[in-house]
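Reader: I would like to go through this model and ask how each label was earned. Please keep the answers short.

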Amino acid sequence: MREQFASAFAIGLIGVALVVGGILFMQRGAHMDLTGSISVRTLATDDNTALALVNLHITNPAAYEFVVHNVTVTLETTAGEFPREIVSRVDAQRLFESMPDAGPFHPPLYTNAVIPAHSTADYTVAAQYSAPEKILKDRKRFVVRIDEINGKTVEFPEK
C-alpha cells in the first residue's frame, strides 16, 4: 500500500512540475523590461546653458513592444537632482543636423516611440539645462528614466 502511494505521489509531483515548467516556459517573453547602457556628452550652447547628449544602447528582450510614454534625464550633482524632459523629436533632429561636428547621433528617442520586441537599437536623447557646461561636467552622474505607456518604468544610470 505504501509503495503504491509513494509511486502515485511521485508521478503526481512530476506531473505538477511538468505543468509548472510548461507555464513558465510559455511566459518567458512576457516580462516587460529594457536592458542597456548609456554614455553622455555635454555641449555648451552659451555661457549659462548646456546640453546633455545621451547615447542609449537599448535591448528589449520581451515578446511585446515597449511604447515610450515619457523620457526624463536627471542630472545628479552634489547640490541635488535636476530632472529635465528631453528635447522633442523634431527639435532634436534639427539640433543634430545643425551640429554635425558634435555627432555621431543616433535616431532620437521620443514620446510614443516604439521599441520593437526582441530588438537592440541605439538612440540619442538631448536634454537642455540652464547651467554652465562646467556644472554638467562636474556631475555625479546622469540617470535616464523611460516610462512605458502602461506604467512600467526603466532607469539607466551613468556608471
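**Labels and the values behind them**

Author: The protein has three helices and eight strands. The model is a predicted one. Along the sequence, the order is α-β-β-β-β-α-β-β-α-β-β.

Reader: How do you know how the protein compares with a compact globule?

Author: Set the two radii of gyration side by side. A compact globule of 159 residues would have one near 15 Å, but the protein has 23 Å. The box around the C-alpha atoms, along the principal axes, is roughly 90 × 35 × 25 Å.

Reader: Why is F5 called exposed or buried?

Author: Exposed means over 50% relative accessible area. F5 has 60% relative accessibility, so F5 counts as exposed. F5 lies in helix α1, which covers residues 2–26.

Reader: What makes the nonpolar surface patch that includes F5?

Author: F5, F9 and L13 make this patch, of about 370 Å². A patch residue needs over 30% relative accessible area. F5, at 60%, passes that cut-off.

Reader: And F82? Why is F82 called partly exposed?

Author: Partly exposed is the class between under 20% and over 50%. F82 has a relative accessible area of 35%, so F82 is partly exposed. F82 sits in strand β4, residues 80–85.

Reader: Which residues does F82 touch, beyond those up to four places away in sequence?

Author: V73, T74, L75, T77 and Y129. Y129 is 47 residues from F82 along the chain, yet their C-alpha atoms are separated by 8.5 Å.

Reader: What makes up the largest nonpolar core?

Author: This core has 30 residues. L56, I58, V73, L109, V144, I146 and F156 have the most contacts inside it. Strands β1, β2, β3, β6, β7 and β8 each supply at least two residues of this core. To belong to a nonpolar core, a residue must be buried, with under 20% relative accessible area. In soluble globular proteins, nonpolar side chains tend to be buried together.

Reader: Which residues is L56 in contact with, leaving aside neighbours within four places in sequence?

Author: The list for L56 is S37, I38, L109, A121, D122, Y123, V125, V144 and F156. L109, V144 and F156 are also among the core residues with the most contacts.

Reader: How much of the protein counts as buried?

Author: Of the 159 residues, 35% do. The protein exposes about 9,800 Å², with 57% of that supplied by carbon and sulfur atoms.

Notes
Residues are numbered from 1 along each chain as its sequence is written. This is a predicted model: local features need pLDDT of at least 70, side-chain atom pairs count only at pLDDT 80 or more; totals for chains, interfaces and linings use all residues. Side-chain values use heavy atoms; hydrogens and water are left out. Patches are made of residues with over 30% relative accessible area and no salt bridge: like charges are joined within 9 Å, nonpolar side chains (Val, Leu, Ile, Met, Phe, Trp, Tyr) within 5 Å. Accessible areas come from the Shrake-Rupley method with a 1.4 Å probe; for residues, only the protein chains shown count as cover. A salt bridge is a side-chain nitrogen of Lys or Arg within 4 Å of a carboxyl oxygen of Asp or Glu. Helices (H or I, at least four residues) and strands (E, at least two) are DSSP runs, numbered from the N terminus. Buried means under 20% relative accessible area, exposed over 50%, partly exposed in between (1.4 Å probe, protein chains only). A nonpolar core is a set of buried Ala, Val, Leu, Ile, Met, Phe, Trp, Tyr and Cys residues joined through side-chain atoms within 4.5 Å. Contact means heavy atoms within 4.5 Å. The radius of gyration is taken over C-alpha atoms; the globule rule is 2.2 Å times the number of residues to the power 0.38.
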